[in-house]
Amino acid sequence: MDLSSLIGQKILLAFKAKDGPTPEIIQAFKDYQPAGLTLFRPYNVDNPAQLRALTASLQKTALDLGLPPLLIATDQEGGQLMAVGDGTPLPGNMALGATGSEELARRAGEVLGRELAAMGVNVNYAPSADVNVNPQNPVVGVRSFGEDPHEVARLSAAMIAGIQSQGVAATVKHFPGHGDTASDSHLGLPTVPHGLDRLQAVEFPPFRTAIDAGVKLVMSAHVGLPAIDGPDTPPATLSENILKGILRHDLGFDGVIVTDAMDMHAIRQGEFLGADSIRAVNAGADLLLVTADPEDHRRVHTALTEGAQNGQLNAEELRASVERIAALKAWLSNQPVPDLSVVRCADHLRVADEIAEASITLVRDDANLLPWHLSDKKRIAVIVPKPLDLTPADTSSYVTPQLAAAIRQYHPRVDEFIIPYAPQSADIAAVLERAREYDLVVIGTLNAYNQEGQTALARELLKGQAPTIIVALRLPYDLMAFPKAPTYLCTYSILEPSMRALAKTLFGQNQARGRLPVSIPGLYQAASS
């Protein structure tokens, strides 16, 4: 390859279109000869058939231009982050953590990989192997398998095996670990303020296990490690000590390192992006995940080209990096492409239901309310907040929880109340007034431990005459906000399989077998394996 081609193979682009490559992205293919693209739900995805047509068109465009086959990547994690919303609604990693089942994690990976392969996506930015030990972590949460490094490691390895068995490359993330941060790297630079011994005991083990399991890619995190890089720590994406030192040398990873999105504000933006792109490549990154701004495409390619020409980039390392990318593409080129009919097929939906039913966790039932045995005359109120995307790495806003509909399968008199994610005093008063009319109240919460309105409503409902059951639909930590709640369950997901499984559990048709994958501080410890 000439220099321009080498540089292009270091870059993943993005663009905004769903029907096919735009004139702008075709020109970018000609100008930059990129390694591939990252597809995002709001920019590129409507449904599986549309996505398969889009990816086929992109690959044909590359072929017609004489480019190597494209890496086409997306975030299809299951649960909170689903780039393809019409895929099988797998409950997600923390639900898998609640099951404790490697077999279910592997089968979830198979579903993810098989469906992406059918849609022409060959790289999945999953799984998240972050160890979520910080309840205030705003970006990982239920995307993690839990707080036990051993559990996270074994379930991550199982999911990787499942994904890659279907000919799709898995990407373990976010190295060196984003689970003990209290800020979001989309917005600034978080740090993990621990010494090397602690990092080796908690943050690193899942990545070591993933590497041993043969994961094809590792995604770097835009988090700083002061213990490694000192008080003026850069993001790990820009740290040679972390990428070359720890990931390559200490952990022995010889696959492809891809950065997290380079438009996140832990990385300098604007004209500084070019300089940070050179820093990332020198640190050891093989692929730079550049998003949809054409100016950023230009900035990154120009900076890398000039860096290669003026000696800022090492020519030998550049060629070795592109060889790793070529080896990944060669592996992908030999994989079969399933028929589109596998997406949401009956077998895949059964996997989602099995995970959901095994994950429902009954934390306590001091009021002995479960299972329900209700006469048809009893009235049930179901109160659920409207989901929001609580971080850019979130697709919850696309989901309408179907808890009331699931309960109606077992009881005829169910009314649903959808409240704002952050209910105000008037919202709370209105719901409390109506709740007096009911014999039983079920309230779902979405990170209520950090949301005053949801907390206030739950506390007031617990004071009422009607027995009240609280269900954490996202993180289990909500019990900290109302620690005396007598009946409390966790689903870890708002997707339909979890709502159906919860309803079955409430009526005694499913045993609550799930275990807490994270501790609820001051109340309950995470279950051990």
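Arginine 198 and glutamate 203 form a salt bridge, with their closest N and O atoms 2.8 Å apart. A salt bridge here is a side-chain nitrogen of Lys or Arg within 4 Å of a carboxyl oxygen of Asp or Glu. Arginine 198 is partly exposed at a relative accessible area of 25%, whereas glutamate 203 is buried at 3%. Buried means under 20% relative accessible area, exposed over 50%, and partly exposed in between (1.4 Å probe, protein chains only).

The model is predicted: local features need pLDDT of at least 70, side-chain atom pairs count only at pLDDT 80 or more, and totals for chains, interfaces and linings use all residues. Residues are numbered from 1 along each chain as its sequence is written, and side-chain values use heavy atoms, with hydrogens and water left out.

**Salt bridges**

The whole structure holds 31 salt bridges. Asp75, Glu77, Arg143 and Lys173 are joined in a network of them. Three individual pairs are tabulated below.

| Pair | N to O distance |
|---|---|
| Arginine 106 and glutamate 103 | 2.6 Å |
| Arginine 198 and glutamate 203 | 2.8 Å |
| Glutamate 496 and arginine 500 | 3.6 Å |

Arginine 106 and glutamate 103 are both in helix α6 (residues 102–118), three residues apart, which is about one turn of the helix. Helices (H or I, at least four residues) and strands (E, at least two) are DSSP runs numbered from the N terminus. Arginine 106 is partly exposed at 27%, and glutamate 103 is also partly exposed, at 42%.

Glutamate 496 and arginine 500 lie four residues apart in helix α19 (residues 496–506), a separation of about one helical turn. Glutamate 496 has a relative accessible area of 44% and arginine 500 one of 34%, so both count as partly exposed.

**Helices α12 and α18**

Helix α12 (residues 272–283) has 12 residues, so at 1.5 Å a residue it should span 16 Å; its end C-alpha atoms are 17 Å apart, in agreement. The expected span is 1.5 Å times one less than the number of residues. Buried residues of α12 include Leu273, Asp276, Ile278 and Val281. The buried residues of this helix pack against α11 (240–250), β9 (256–259), β10 (288–289) and α13 (294–310). Glycine 284, just after α12, takes a positive phi of about 130°.

Helix α18 (residues 452–463) also has 12 residues and an expected span of 16 Å, and its end C-alpha atoms are 17 Å apart, which agrees. Gly453, Gln454, Thr455, Leu457, Ala458 and Leu461 are buried in α18. Among the elements covering them are β12 (380–385), β13 (414–419), α17 (425–435), β14 (440–445) and β15 (468–472). At the N-terminal end of α18, glutamine 451 acts as a cap, with a side-chain oxygen 2.8 Å from the backbone nitrogen of glycine 453.

**The chain as a whole**

The protein chain has 19 helices and 16 strands. Its radius of gyration, taken over C-alpha atoms, is 24 Å, in agreement with the value near 24 Å for a compact globule of 529 residues. The globule rule is 2.2 Å times the number of residues to the power 0.38. Along the principal axes, the C-alpha atoms fill a box of roughly 75 × 50 × 40 Å. Of the 529 residues, 61% count as buried.

Technical notes: Contact means heavy atoms within 4.5 Å. A polar contact is a pair of N or O atoms within 3.5 Å; within protein, one must be able to donate a hydrogen and the other to accept it, and residues adjacent in sequence count only if both atoms are side-chain atoms.
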